[in-house]
Structures are given as structure tokens and as C-alpha cells.
Amino acid sequence: MATKSLAHGMGTFYKDCEHAQSRWSKCPHEYKIRYRSAAGKQTEEAGFSTQEKAIDRLTTIYQEKKSAPRNQSKAERIQKYGAMQFREYTAEWKAGQRDLAESSLRTLESLLEHHILPTLGSRRMSTFDHKVVDGFIRTMERNGAGLATQSNCFDKVKSVLLDAYRLGIYTENPVLGVKPPQYDPERAVIPSPAQLRDIRTAGDDRFLLIADLMSGCGMRNGEAFAVNLNNLVASDVYRITEQVNQTTKTYGRLKHRKPTDYRDVPLPARIHETI
């Protein structure tokens with residue numbers, strides 16, 4: 001009995017008859033296959049009328065064995081995380097958000113405590129779909145939450161569920177097709193030169209300094225509060241290296257930047273004099 005092997009690990013196919021391998025295509029006897037199962041057991045199958053059918057069966061078995069560990073791992077993840085409550089999964093997700101600034105973390109915790117967890121906290125992760133998410137938005141509407149709050153809450157829930165989707169808990173994206181809250185912030189109003197003059201003289205010297213830094217150098221309020229004489233790198237250049245964190249009331253890195261990052265801004269002569 002001759003056999004013909006395929007690639008390593010795929011097994012062999014053969015005919016259990018007296019004909020030579022060169023005559024198999026014309027021989028009426030059926031093909032048989034031999035392979036090792038996922039458990040490592042030697043296995044045989046028969047009943048294949050052509051060589052192509054025998055090879056197709058061996059290929060299918062080989063691919064199933066290759067994907068078995070991955071499928072098993074995915075099933076274990078679904079079993080573990082799908083049974084979690086939303087508040088439990090979110091706690092793990094939040095622990096991984098190491099790039100959040102103090103103020104952003106405080107905002108996240110407030111949204112979770114007051115809006116998201118009271119509604120979704122006890123729900124199992126495996127039960128989320130687009131209808132559940134849409135129902136959450138309607139609940140916020142009934143509770144009178146502002147559009148900005150609704151939009152922020154939706155973004156946070158979306159981030160958590162997308163993380164779970166990438167983990168394999170859902171076969172479809174649970175936020176796909178959900179219409180997000182339509183938050184359209186009002187247009188910012190830029191004061192006129194006359195209004196700016198009135199603003200500069202509305203308070204004491206410290207208020208004047210902050211107003212000049214924000215209007216003349218384009219600083220954010222936290223950056224203006226961190227003004228430092230050492231950052232006057234030239235007569236017409238100010239280097240912004242830090243800001244005052246409104247949450248911790250301490251000096252910290254610039255928002256959305258690395259600790260060593262800075263940015264240089266033009267320094268008008270009038271603002272230099274104010275400093």
C-alpha cells in the first residue's frame with residue numbers, strides 16, 4: 001500500500017489496493033486519508049472518490065487544528081469578560097488609561113458616578129448591543145442631562161464597548177448605527193479691542209497679568225497662572241513649559257504633551273512690560 005504525504009502536519013492520502021500510485025487516477029477504488037487529530041491520535045477516514053476531495057478534507061482538518069488554540073482562547077475571553085458587570089469591566093479599562101491628565105480623570109470619574117454606572121453598572125457585558133446603547137441615551141434625555149454631558153457620556157461608553165469588541169466579546173460593534181447626541185457648542189466670542197481694554201482694568205495687577213498673557217500670547221488660563229521670569233527666553237519670545245492643574249492646584253506638564261515638551265509663543269513688547 002503506497003501513501004502520498006502533503007506538507008508537514010497535514011497527513012497523507014492513499015489507496016488500499018494493488019494498483020501502483022501512477023494508476024490511482026484511473027483506479028476505481030476509493031481514496032483514504034490518515035492524519036493526527038487535535039488530540040494527537042492517529043485517525044483514518046475513507047470514502048473519497050477523487051484525490052482532490054481527499055486533499056480538501058486534509059486541508060480543512062489542518063486549518064481547524066491551526067485555529068483551535070486561537071478559538072479556544074477567544075472562547076475563554078468571552079466567558080470571562082462577557083459575564084462581567086459593566087462597572088467591573090470599566091474599572092479594569094480605566095486602570096489602563098494611564099495617559100489621562102488629572103483633570104480628564106476627574107471628569108471621567110464624575111461621568112461614571114453620576115450618569116453612566118447608575119444606569120449601566122449592573123448590566124452584563126455580553127448583553128450590550130446598539131439598542132441598549134440607544135436606550136442609555138434616551139435615559140439621559142429623560143433625566144434632563146445637558147447635551148454636552150450626553151455627548152461626553154456616550155464617548156466614554158463607546159470607548160469601553162469598543163475595547164470589549166476588540167477583545168472578541170461581540171461579533172458586531174455594539175455602537176454601530178447608534179445616533180450619538182448632537183452637541184453643537186456655541187460659537188466663541190472674541191472681545192473687541194475696546195472690550196479688552198475694559199477687561200484689563202477690571203481687576204488688580206494679577207488679573208491684568210493673566211488677561212495680558214491670555215490675549216497677547218494666546219495662553220490658556222492654566223498656562224498663564226504658571227508664568228515664570230525664567231521662561232523669557234528672548235525679548236520677544238516666551239517659552240511655555242508647564243501649567244497649573246486646576247484639579248490638583250499644582251504645577252504640571254502641558255495638556256496632551258510629554259513632561260519635557262514646550263512651545264514658544266510670540267511675546268509683544270506690551271506683554272513683556274506687564275510681566
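The following exercises, each with a worked solution, concern a predicted model.

**Exercise 1. Salt bridges between separate elements**

Determine which residues R34 and R57 pair with in salt bridges, and where the partners lie in the chain.

*Solution.*
Step 1. Apply the cut-off: a salt bridge requires a side-chain nitrogen of Lys or Arg within 4 Å of a carboxyl oxygen of Asp or Glu. With this rule, the model contains eleven salt bridges.
Step 2. Take R34. The side chain of R34 forms a salt bridge with that of E44, with an N to O distance of 2.9 Å. This pair joins distant parts of the chain, since R34 belongs to strand 3 (residues 31–36) and E44 to strand 4 (residues 42–48), ten residues apart. E44 has a relative accessibility of 47% and therefore counts as partly exposed.
Step 3. Take R57. A salt bridge connects the side chains of R57 and E45, at 3.0 Å from N to O. Here, too, distant parts of the chain are linked: R57 is in helix 1 (residues 51–82) and E45 is in strand 4, twelve residues apart. R57 is partly exposed, its relative accessible area being 28%.

**Exercise 2. Accessibility across one salt bridge**

Classify R206 and D204, the partners of a salt bridge, as buried, partly exposed or exposed.

*Solution.*
Step 1. Establish the pair: the closest N and O atoms of R206 and D204 are 3.4 Å apart.
Step 2. Recall the limits: buried is under 20% relative accessible area, exposed is over 50%, and partly exposed is in between.
Step 3. Compare the values. R206, at 66%, is exposed, whereas D204, at 41%, is partly exposed.
Step 4. Note a further arrangement: a network of salt bridges links R200, D212 and R270.

**Exercise 3. The linings of two pockets**

Describe the volume and lining of the largest pocket and of the second largest pocket.

*Solution.*
Step 1. Begin with the largest pocket, which holds about 300 Å³ of space. Its lining has 13 residues, and those closest to the centre are S103, N221, Q243, V244 and Q246.
Step 2. Assign the lining to elements. At least two residues come from each of helix 3 (102–120), helix 8 (221–224) and strand 6 (243–244). Helix 3 contributes the most, with three residues.
Step 3. Sort the lining of the largest pocket by character: three residues are nonpolar, eight polar and two charged.
Step 4. Turn to the second largest pocket, whose volume is about 230 Å³. Among the residues lining this pocket are W93, D99, K156, R253 and H256. Helix 3 gives the most to this lining as well, with three residues.
Step 5. Sort the lining of the second largest pocket: four residues are nonpolar, four polar and four charged.

**Exercise 4. The nonpolar cores**

Identify the residues with the most contacts inside the largest nonpolar core, and the helix that gives the most to it.

*Solution.*
Step 1. Consider the general background: in soluble globular proteins, nonpolar side chains tend to be buried together.
Step 2. Find the leading members. The largest nonpolar core comprises 28 residues, and F86, Y89, I116, L120, M125, F128 and L161 have the most contacts inside it.
Step 3. Locate the contributors. Helix 2 (86–95), helix 3, helix 4 (130–142) and helix 5 (147–167) each provide at least two residues of this core. Helix 5 gives the most, with six residues.
Step 4. Examine one member. With neighbours within four places in sequence set aside, I116 is in contact with F86, L111, G121, F136, C153, K156 and V157.
Step 5. Add the separate core: another set, of twelve residues, lies apart from the largest one and includes I210, M219, L254 and L267.

**Exercise 5. Three single residues**

State where S151, D129 and E18 lie, and decide how exposed each residue is.

*Solution.*
Step 1. S151 is part of helix 5. Its relative accessible area is 17%, so S151 is buried. Not counting residues up to four places away in sequence, S151 touches P181 and Y183.
Step 2. D129 is in the loop between helix 3 and helix 4. At 32% relative accessibility, D129 is partly exposed. D129 and V178 are 49 residues apart in sequence, with a C-alpha to C-alpha distance of 9.6 Å.
Step 3. E18 is in the loop between strand 2 (12–14) and strand 3. A relative accessible area of 65% makes E18 exposed. E18 and H29 are eleven residues apart in sequence, and their C-alpha atoms are 9.9 Å apart.

Note on methods
Residues numbered from 1 in each chain as written. Predicted model: local features only at pLDDT ≥ 70, side-chain atom pairs only at ≥ 80, totals over all residues. Heavy atoms only, no water. Helix = DSSP H or I, 4+ residues; strand = E, 2+ residues; numbered from the N terminus. Buried < 20%, exposed > 50% of the residue type's maximum accessible area, 1.4 Å probe, protein only. 1 Å grid on protein atoms, 1.4 Å probe; cavity = no way out; pocket = protein on both sides within 12 Å on 5 of 7 lines; lining within 4 Å. Points joined across faces, edges and corners; volume = space filled by probe spheres on them. Nonpolar A, V, L, I, M, F, W, Y, C, P; charged D, E, K, R; others polar. Core = buried A, V, L, I, M, F, W, Y, C linked by side-chain atoms within 4.5 Å. Contact = heavy atoms within 4.5 Å.
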